[in-house]
Structure formats: structure tokens, C-alpha cells
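Thank you all for coming. I would like us to look at one model together, slowly, and to take its parts one after another.

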Amino acid sequence: MRSTTSHHARTGGSVLAAVSVLLLAGCGSSGDEDGSSSGAGSSADASTVSVSNCGTDVEFPTPAQDLFVNDSNLISMVLALGAEDQVAAVSSIGRDQEVLTEHYGDAVAGLNQVSDDYPSLETVIAARPDVMVAGWNYGYDETKQLTPDSLAQRDIAAYVLTESCRQDGSDARGIVDPWTALREDMTNLGAITGTQDRATEVVADFDARLDALDASPRAEEDPVVFVFDSGEKAVFTSGAFGAPQAVIEAGGGVNAMSDLEDTWTEVSWERLAASRPEAFVFVDYPGQTFEQKVAVLKANPATRDLPAVEEERFLNLPYAMWTSGPLNIDAAEQVRAALEEWELVPTA
């Protein structure tokens with residue numbers, strides 16, 4: 001996700017997003033203008049599966065046996081599928097090891113972490129994966145020459161996080177609403193890892209929990225919630241296509257930056273103040289601590305007099321709960337509980 005300083009509403013109900021899955025004999029590769037091409041890194045007599053990724057049908061070896069997975073939210077997807085034994089290596093998990101262990105147990109400690117941060121192309125190649133699972137600004141990076149195309153040239157298939165899919169002719173990310181993006185990723189990765197039944201169960205679970213949240217009483221006017229990832233000269237936050245949009249709406253609020261057609265992006269302090277948020281949610285990860293974020297909000301003239309700041313309506317949750325992944329439903333339930341505690345929505 002990575003900010004530049006350091007780093008839509010729910011649709012589809014409980015119905016799985018339409019995902020093209022076709023088993024084929026042998027290996028193949030495909031490409032698209034978005035860069036979500038892939039090569040299949042399995043042997044010549046293995047099966048492949050074709051899934052729709054960033055709007056293009058892409059082939060992957062299945063069941064993939066040697067995944068390289070970057071970033072804790074994508075790692076949570078694979079753990080939720082019970083496919084940890086098919087993971088060759090992971091990177092950038094340390095900041096969320098505690099929350100992942102809380103949800104997925106000993107499987108987390110058994111993962112082979114080869115980089116504390118986002119990996120280099122050389123680090124990925126050294127792990128000899130058949131598939132890499134990452135996203136734009138979640139590991140894939142042209143400046144590091146780590147892209148789906150560069151991996152395809154080395155017979156490594158590349159899966160792109162749907163939330164990070166680039167919009168046509170733009171570096172802005174997000175092409176479907178966040179819950180649809182998550183359903184597509186869980187279904188696609190289930191097909192790639194051969195855990196389709198488990199993927200169906202995971203999606204059904206968070207859809208049932210979404211239904212329960214949808215049935216909760218709403219305020220006469222939904223409270224405005226601002227996503228504060230980090231900020232000093234400007235503020236890094238999340239727009240209409242980022243997972244927080246879905247999390248906040250499911251929890252009974254309105255994302256203050258819902259008019260921004262992007263996932264994670266930067267706005268001015270004046271833009272933050274103009275949104276008049278009634279609560280703040282923080283992304284907890286290294287770079288700026290919870291205490292530092294609170295201090296910045298209390299010191300900046302644009303925000304220090306906001307009731308949400310004066311009354312300290314702050315919810316701090318781990319990175320893996322705010323970035324696209326199966327823990328988004330847990331985040332939504334915690335947002336709901338916080339809004340109830342602050343009496344911004346009726347008690348369920």
C-alpha cells in the first residue's frame with residue numbers, strides 16, 4: 001500500500017463475484033496492458049487454471065506449490081485458505097505477525113520470511129516460486145523491475161491484488177468496489193491453490209457477517225470517519241476503492257474521502273478539516289506511531305479544534321485489517337463497536 005511519505009459501497013450481496021476458472025492441460029502465459037501478464041512456472045505436464053485478474057484472463061499452475069507472497073494482507077488470504085504448506089517464502093509480515101497469529105495460529109510462525117520489507121526481484125527469484133502474489137504498491141514496482149512482466153520472463157506466474165489493479169490510462173488504483181475485489185481474490189486464489197471449497201467458506205462467512213452488520217440500526221445521518229494512515233506535510237488516506245471504504249460503510253459510517261476514485265492517496269490538511277470527521281481510524285504500522293499521529297492531529301491548526309480530536313475518537317487497528325484481505329470483516333465489526341461506544345450510531 002505504501003504512502004509516498006513512508007511507504008463503494010458493498011455490491012453483490014452474498015453472491016460470489018463471477019470469476020472465470022478453467023482447468024487446462026500444460027502451462028501457458030498471457031499478458032495485458034495493465035502488466036498483469038503471467039508465465040506458469042510449473043512442469044510441462046502440470047495443470048493450469050485461468051482466472052480473471054485485473055480484467056484479463058491469466059493462467060497459473062494449479063495447485064501452485066511454491067508461492068511467494070508479499071505483504072501481510074495477501075499473506076492473510078493464503079492463510080485463510082489453509083494453503084500455508086504451499087508457500088515457499090513471504091515478505092513484509094513482521095508488523096502484523098501478532099494479529100495474523102491471533103487469527104491463524106502456528107501457521108504464521110512456520111512461514112519462511114525472506115525479507116522484512118518489500119522484496120527485490122533477486123530475492124523473489126532466489127525463492128524459486130511458481131507463483132508470486134502481490135499488488136501494485138504492495139510489492140510490484142517498476143523502479144525495482146519487480147513486475148508481472150519481469151516475472152513472466154522468468155517463468156513465474158504473477159497474481160495482482162484486485163484492489164491494486166490500475167485504472168485505464170492512470171496510476172490510480174481500483175476497478176471494482178472493495179468487497180467485490182476481496183471476493184474475487186479469495187475465489188481466484190482458491191482456484192490457484194486448489195482450495196476452492198475453503199475459499200467458498202471464507203467468502204460465505206464474511207458475507208454472513210456483512211448481512212448482520214447491514215441489519216444493525218443506523219444513525220439518522222451516518223457519521224463521517226477519516227482514515228488517517230500517516231501525515232505530516234500532507235495526509236495519506238484512502239478513497240472509494242480502498243478496503244477502508246467497505247470497512248467503514250459496513251460498520252455504519254461514511255468514509256470522509258469517498259469521493260476520491262482511488263485506493264490509497266494523499267490529501268491536504270485543509271481537505272481533511274473540510275470533511276469535518278466525527279471520528280478517526282488509524283492504520284497501525286511502522287513509520288508513525290499511534291502516539292505520534294495523535295500528537296500531529298492535536299498540534300495541527302487544521303484539526304486540533306475538531307470535536308473528534310478533542311474527544312479522542314480514535315480507533316487504531318493493524319495494517320492487515322485495513323488493507324484488502326479477509327480480516328476486513330473483523331475491522332468492520334470493530335468500527336461498528338467503536339461508533340456505538342462513541343454514541344455515533346444506535347446500539348445494536
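Which residue with a positive phi follows α7? That residue is Gly 252, and its phi lies near 105 degrees. Before I go on, please keep in mind that everything on the screen belongs to a predicted model.

Let me stay with helix α7 for a moment, which covers residues 243-250. Of its 8 residues, 7 are buried, so the helix is largely enclosed by the rest of the structure. If you want to find the buried ones on your own screen, they are Ala 243, Pro 244, Gln 245, Ala 246, Val 247, Ile 248 and Ala 250.

Now to the sheets, and for those of you who are new to this, a word of background: the strands of a sheet pair through backbone hydrogen bonds, and they do so either parallel or antiparallel. One open sheet here has 4 strands in the order β15-β12-β17-β18, and its pairing is parallel. The strands at its edges are β15, residues 254-255, and β18, residues 314-318, and each of these has a single partner strand, so one side of each is left without a neighbour in the sheet. Further in, β12 (residues 224-228) and β17 (residues 279-284) run parallel and are joined by 4 bridges. To pick out one pair of residues there, Val 225 has Ala 279 in β17 as its bridge partner.

Another open sheet has 3 strands, ordered β13-β14-β16, and in this case the pairing is antiparallel. Its edge strands are β13, at 230-231, and β16, at 264-267, each of which pairs on one side only. Between β14, residues 235-238, and β16 there are 4 bridges, with the two strands running antiparallel, and Thr 237 stands opposite Thr 265 in β16.

My last topic is the cysteines. How many disulfides does the structure hold? It holds 1, and this disulfide joins Cys 54 to Cys 165, with a distance from S to S of 2.0 Å. The pair links distant parts of the chain, 111 residues apart: Cys 54 sits in the loop between β4 (47-53) and β5 (56-62), whereas Cys 165 sits in the loop between β11 (157-160) and α5 (178-193). Are these two cysteines buried or exposed? Both Cys 54 and Cys 165 are buried. Finally, why do we call this disulfide left-handed? We do so because the torsion about the S-S bond of Cys 54 and Cys 165 is about -85 degrees.

How values were computed:
Residues are numbered from 1 along each chain as its sequence is written. This is a predicted model: local features need pLDDT of at least 70, side-chain atom pairs count only at pLDDT 80 or more; totals for chains, interfaces and linings use all residues. Side-chain values use heavy atoms; hydrogens and water are left out. Two strands pair if DSSP finds at least two bridges between them. A disulfide is a pair of cysteine sulfur atoms within 2.5 Å. Buried means under 20% relative accessible area, exposed over 50%, partly exposed in between (1.4 Å probe, protein chains only).
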